[in-house]
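Colleague: Could you take me through the side-chain features of this structure, giving the general idea first and then the case at hand?

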Amino acid sequence: MTSEDVRKRRLKDLVEELDNFRGRHTELVSVYIPAGFNLFKVAEQINNEKSTAQNIKSKAVRKNVMSALERITQHLKLYKQTPVNGLVIFSGNVSQREGVSDVEIYALEPPEPLKQRLYWCDQKFVLDPLKEMIREREIFGLVVLDKSEADIGLLHGKKIKSLKHLDSLVPGKTDKGGWSQARYARIREGLLNDFLKKIGEIASQQFAEFKDLVGIIVGGPGPTKDTFASGGFLRYDFQKKIITVVDTSYTGEYGLQETVNRAEEALKEASIMKEKKLLARFFNELGRDSGLAIYGLKEVVETLKAGTVETLLLSEKLDWVKAQIRCPKCSEEKEAVMTREKLEQLKCPKCNELYEILAEKDLTDEIIKMAEEMNTNVEMVSADTTEGNQLKEMGGIGGILRYKSQ
Ligand SMILES: [Zn+2]
């Protein structure tokens, strides 16, 4: 996985989560800050919005919008300047119960330079520009075939588009037309080969128009699809893009849909297998105390900086944050670096009061950036497997080293 893939996956997860929120009122704030834009100006605008928000009639809504804006103000203070690709912040009352307020903040640095500048307050978060960012590159080519017909299509995000349908001239097995068995078989084979060539040609032509095609999935009932996938019928660069070949019951439009479903399962399984293998290696190195495996935020970050980490393992549940906190009783303010879970239970040692979180910043992006600078592979690990869960329990971050550090 490249770190860009990891970023996209994180973005996808977040967009999915935020997409479900519906404000009970117009009280969800979205802020898009383009790459290179002055953060100070954004802070100024948020201040202006605070004065505007004073005019909101409903007391509860006013209070929620004000605290969303205040959290944004505090969050902005965590940055010295706008991150390279810009910054997106969402804040608002996400509580689904009337009269109950739960103002949350979500912020991320997008995987690609952000062009829009936006401030918007609505009953839902503005997510389209981010969705566009995820969708853009996720185009897969689809070829579903058997001896008698083929369909070429595209998978764009979650949408399947049919591009071309082809019928073959290969006659059925029974229709021999007076020829000898052997001759008939040769003719059929020749016609099938011609048909596969034609599919390859037309599919290559169709796919050539999509320069962001990330992969090709081949499907179909029976063995013809395997002959096609391994026979080099596609243009050389597309041939290399075949990511999986799957069995389906149908061809045609329904076959395209089936191919996508089956491929999703196959790819998921493959990624789980890969993940298990990697984690087995990690736990094995840890177990035999070879010094080639490390875990815990502090140690991993230090080793990352030294450039000796070959592969960085990040649990998808990793939730380390850097936060600015304040004790509501003695008003002491300080910075804390820990998991969000711990942070939410953190109490002032003097007053035994839960800290108030003024601002928090997810550290995962920063860690990924560090890995990029050091040419370290980044692998996102799900918490769906026993091993993945174990990594999560160990703090959600680990590393396999290139060589033993001193
Ligand atoms: Zn205190």
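**Reading the side-chain contacts**

Modeller: Let us begin with a single ring: Phe228 is buried, its relative accessible area being 1%. Please keep in mind throughout that this is a predicted model.

Colleague: Which ring is stacked with that of Phe228, and how is such a pair read?

Modeller: A pair of aromatic rings is described by the distance of the centres and the angle of the planes. The rings of Phe228 and Phe233 have centres 5.9 Å apart and planes at 5 degrees, so the pair is stacked. Phe233 is buried too, with a relative accessible area of 16%.

Colleague: How many aromatic pairs does the structure hold, and what is the geometry of Phe90 and Phe125?

Modeller: The structure holds eight aromatic pairs. In the pair of Phe90 and Phe125 the ring centres are 5.2 Å apart and the planes stand at 65 degrees, so this pair is edge-to-face. Phe90 belongs to strand E2 (residues 87-93), whereas Phe125 lies in the loop between E4 and helix H4 (128-137), so the contact ties together parts that are 35 residues apart in sequence. Both of these residues, Phe90 and Phe125, are buried.

Colleague: Which residues form one aromatic cluster?

Modeller: The cluster is made up of Phe21, Tyr32, Phe90, Tyr106 and Phe125, and the edge-to-face pair of Phe90 and Phe125 is therefore to be read as part of that cluster.

Colleague: Where does the charged end of Lys361 sit?

Modeller: For a charge and a ring, one looks at where the charged end lies relative to the ring centre. The charged end of Lys361 sits over the ring of Tyr79, at 4.2 Å from the centre of that ring.

Colleague: Let us turn to the metal: which protein donors does the zinc ion have, and what is the form of its site?

Modeller: Ideal angles at a metal are 109.5 degrees for four tetrahedral donors. Here the protein donors of the zinc ion are the SG atoms of Cys327, Cys330, Cys348 and Cys351, which lie 2.2 to 2.4 Å from the ion. The angles among the four donor atoms run from 102 to 117 degrees, and the site is tetrahedral. Along the chain, these donors follow the spacing C-x2-C-x17-C-x2-C.

Colleague: Are Cys348 and Cys330 buried or partly exposed?

Modeller: Cys348 counts as buried, at 1% relative accessibility, while Cys330 is partly exposed, with a relative accessible area of 33%. The cut-off needed for this reading is that buried means under 20% relative accessible area. Outside the list of zinc donors, Cys121 is partly exposed as well, at 24%.

Colleague: How many disulfides does a search of the whole structure find?

Modeller: A search of the whole structure finds zero disulfides.

Colleague: How many salt bridges does the structure hold, and which parts of the chain does the pair of Lys369 and Glu109 link?

Modeller: When reading a salt bridge, it helps to take the distance, the place of each partner and the accessibility in turn. The structure holds 23 salt bridges. In one of them Lys369 is paired with Glu109, the closest N and O atoms being 2.8 Å apart. This pair links distant parts of the chain, with Lys369 in helix H11 (residues 364-373) and Glu109 in the loop between strand E3 (103-108) and strand E4 (118-122), 260 residues apart. Lys369 is partly exposed, at 27% relative accessibility, whereas Glu109 is buried, with a relative accessible area of 12%.

Colleague: What are the places of Glu379 and Lys274?

Modeller: The side chains of Glu379 and Lys274 meet in a salt bridge, at 3.5 Å from N to O. Glu379 is in strand E15 (residues 377-381) and Lys274 in helix H8 (residues 252-287), so that distant parts of the chain, 105 residues apart, are linked. Glu379 is buried, at 12% relative accessible area, while Lys274 is partly exposed, at 47%.

Colleague: And how do Lys225 and Asp226 read, buried or partly exposed?

Modeller: Lys225 and Asp226 meet through their side chains in a salt bridge of 3.8 Å, N to O. Lys225 is buried, with a relative accessible area of 3%, and Asp226 is partly exposed, at 38% relative accessibility.

Colleague: Which residues are linked in a network of salt bridges?

Modeller: Arg10, Asp362 and Asp365 are joined in such a network.

How values were computed
Residues numbered from 1 in each chain as written. Predicted model: local features only at pLDDT ≥ 70, side-chain atom pairs only at ≥ 80, totals over all residues. Heavy atoms only, no water. Disulfide = S-S within 2.5 Å. Buried < 20%, exposed > 50% of the residue type's maximum accessible area, 1.4 Å probe, protein only. Donors = N, O, S within 2.8 Å, 3.2 Å for Na, K, Ca; no water. Tetrahedral: all angles 85-135°; square planar, octahedral: opposite > 155°, others 65-115°. Salt bridge = Lys/Arg side-chain N within 4 Å of Asp/Glu carboxyl O. Helix = DSSP H or I, 4+ residues; strand = E, 2+ residues; numbered from the N terminus. Phe/Tyr/Trp six-rings, centres within 6.5 Å; stacked < 30°, edge-to-face > 60°. Lys NZ or Arg CZ within 6 Å of the ring centre and 35° of its normal.
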